[in-house]
Amino acid sequence: MRIVVIRHGKVLHDWKKWCTSAEFDEQCSLYDKAQIDVASIGTAPASAMSNNAQNIYISELNRTLQTAEAIFGKRDFKRTSLINEVPLRSGFDTAVKMPLWFWNVLGRLQWLTGIKKQPEIKAHTTIRAEQFVQQIIKSNEDCAIVTHGFFMHTLIKALRKEGFTADKNRVEYRNGEAIVLRHDD
């Protein structure tokens, strides 16, 4: 079985560098609604897809649909919330402007440590990824998955736990990058 995991294209959104908690939450919402830069995808996903995957899975966020259409053209994609990006919101409420990196780091630390201020904690993200992996293993067919950078770490870890091996090991996945995972039965 062969799976190609693709990170969505670069999102056309200029983040505010300093935000109150409400402004950061608004910025996250605007990012989720923004268009992608189709040119950021390149040719790597298309060349990785030489296996003619039977199914192409995308998340519920439009940036994965836009990326999938740029790579594969308009067709039926299997849309699922199981591969949505890990949601992010401000770590506490304040009218004081804090740097963007602060809100991002705090939110991801809260996700990691299970602080319920975040909409989802690591344990729930892991469950989502494992449920999705079980679905695609059950289908036992080559597929492509267009998903999100932060979520990709959890997804790839869940695939490796099931015996898949990846052609790349990364700390960060670039926009439009494709990773091929194989499972030899």
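Buried means under 20% relative accessible area and exposed over 50%, with partly exposed in between. I keep these cut-offs at hand for the entries below. The model I am reading is a predicted one.

**Entry: salt bridges**

I began with charged pairs. Side chains of opposite charge can pair when their charged atoms come close. My count for this model is 9 salt bridges.

I looked up D32 first. D32 pairs with R63 in a salt bridge, and the closest N and O atoms are 2.9 Å apart. This pair links distant parts of the chain, since D32 belongs to helix 1 (residues 21–33) and R63 to helix 3 (residues 62–72), with the two positions 31 residues apart. Are the partners buried or exposed? D32 has a relative accessible area of 32%, so I noted D32 as partly exposed. R63 has 2% relative accessibility and therefore counts as buried.

Next I checked K74 and E69. Their side chains form a salt bridge with an N to O distance of 3.4 Å. K74 is at 71% relative accessibility, so K74 counts as exposed. E69 has a relative accessible area of 27%, which means that E69 is partly exposed.

Then I turned to E120 and R128, whose side chains meet in a salt bridge at 2.8 Å, N to O. I wrote down 11% relative accessibility for E120, which therefore counts as buried. R128 also has 11% and counts as buried. Elsewhere, K16, E23 and K97 are joined into one network by salt bridges that share partners.

**Entry: helix 5 and helix 6**

R128 took me to a helix pair. Two packed helices are described by the angle between their axes and the distance between the axes. I looked up both values for helix 5 (residues 122–139) and helix 6 (residues 149–161): the axes come within 9 Å and cross at roughly 50°. Helix 5 is therefore oblique to helix 6. I recorded the crossing as right-handed.

Which residues make the contact? On helix 5 they are K122, T125, T126, R128, A129, E130, F132, V133 and I136. On helix 6 they are F151, T154, L155, K157, A158, L159 and K161. I sorted the residues of this contact into 8 nonpolar, 3 polar and 5 charged.

**Entry: N140**

I followed the chain to N140, which lies in the loop between helix 5 and strand 8 (143–147). Most residues other than glycine have a negative phi, and most peptide bonds are trans. N140 is not a glycine, yet its phi is positive, about 50°.

**Entry: three loop residues**

Where is Q54? I found Q54 in the loop between helix 2 (44–48) and strand 5 (55–58). Q54 has 49% relative accessibility and so counts as partly exposed. Setting aside neighbours within four places in sequence, I listed R75, E141 and D142 as the contacts of Q54. I also looked up G176, which is 122 residues from Q54 along the chain; their C-alpha atoms are 20 Å apart.

E60 sits in the loop between strand 5 and helix 3. With a relative accessible area of 46%, E60 is partly exposed. What does E60 touch, not counting residues up to four places away in sequence? I noted R79, T80, S81 and N84. The C-alpha atoms of E60 and I83 are separated by 8.0 Å, with the two residues 23 apart along the chain.

V96 lies in the loop between strand 6 (78–79) and strand 7 (98–99). I have V96 as partly exposed, because its relative accessible area is 48%. Apart from neighbours within four places in sequence, V96 is in contact with C19 and T20. From V96 to H148 I have 52 residues in sequence and 30 Å in space, C-alpha to C-alpha.

**Entry: A70**

I closed with A70, which is in helix 3. A70 has a relative accessible area of 39%, so A70 is partly exposed. With neighbours within four places in sequence left out, the contacts of A70 are V38 and I41. V86 is 16 residues from A70 along the chain, and their C-alpha atoms are separated by 23 Å.

Methods. Residues are numbered from 1 along each chain as its sequence is written. This is a predicted model: local features need pLDDT of at least 70, side-chain atom pairs count only at pLDDT 80 or more; totals for chains, interfaces and linings use all residues. Side-chain values use heavy atoms; hydrogens and water are left out. Axes are lines fitted to C-alpha atoms, for helices over the stretch in contact, and angles run from 0 to 180 degrees between N-to-C directions. Helices (H or I, at least four residues) and strands (E, at least two) are DSSP runs, numbered from the N terminus. Angles under 35 degrees count as roughly parallel, over 145 as roughly antiparallel, 65 to 115 as roughly perpendicular and the rest as oblique. A crossing is left-handed if the near helix is turned anticlockwise from the far one by less than a right angle, and right-handed if clockwise. Contact means heavy atoms within 4.5 Å. Ala, Val, Leu, Ile, Met, Phe, Trp, Tyr, Cys and Pro count as nonpolar, Asp, Glu, Lys and Arg as charged, and the others, Gly among them, as polar. A salt bridge is a side-chain nitrogen of Lys or Arg within 4 Å of a carboxyl oxygen of Asp or Glu. Buried means under 20% relative accessible area, exposed over 50%, partly exposed in between (1.4 Å probe, protein chains only).
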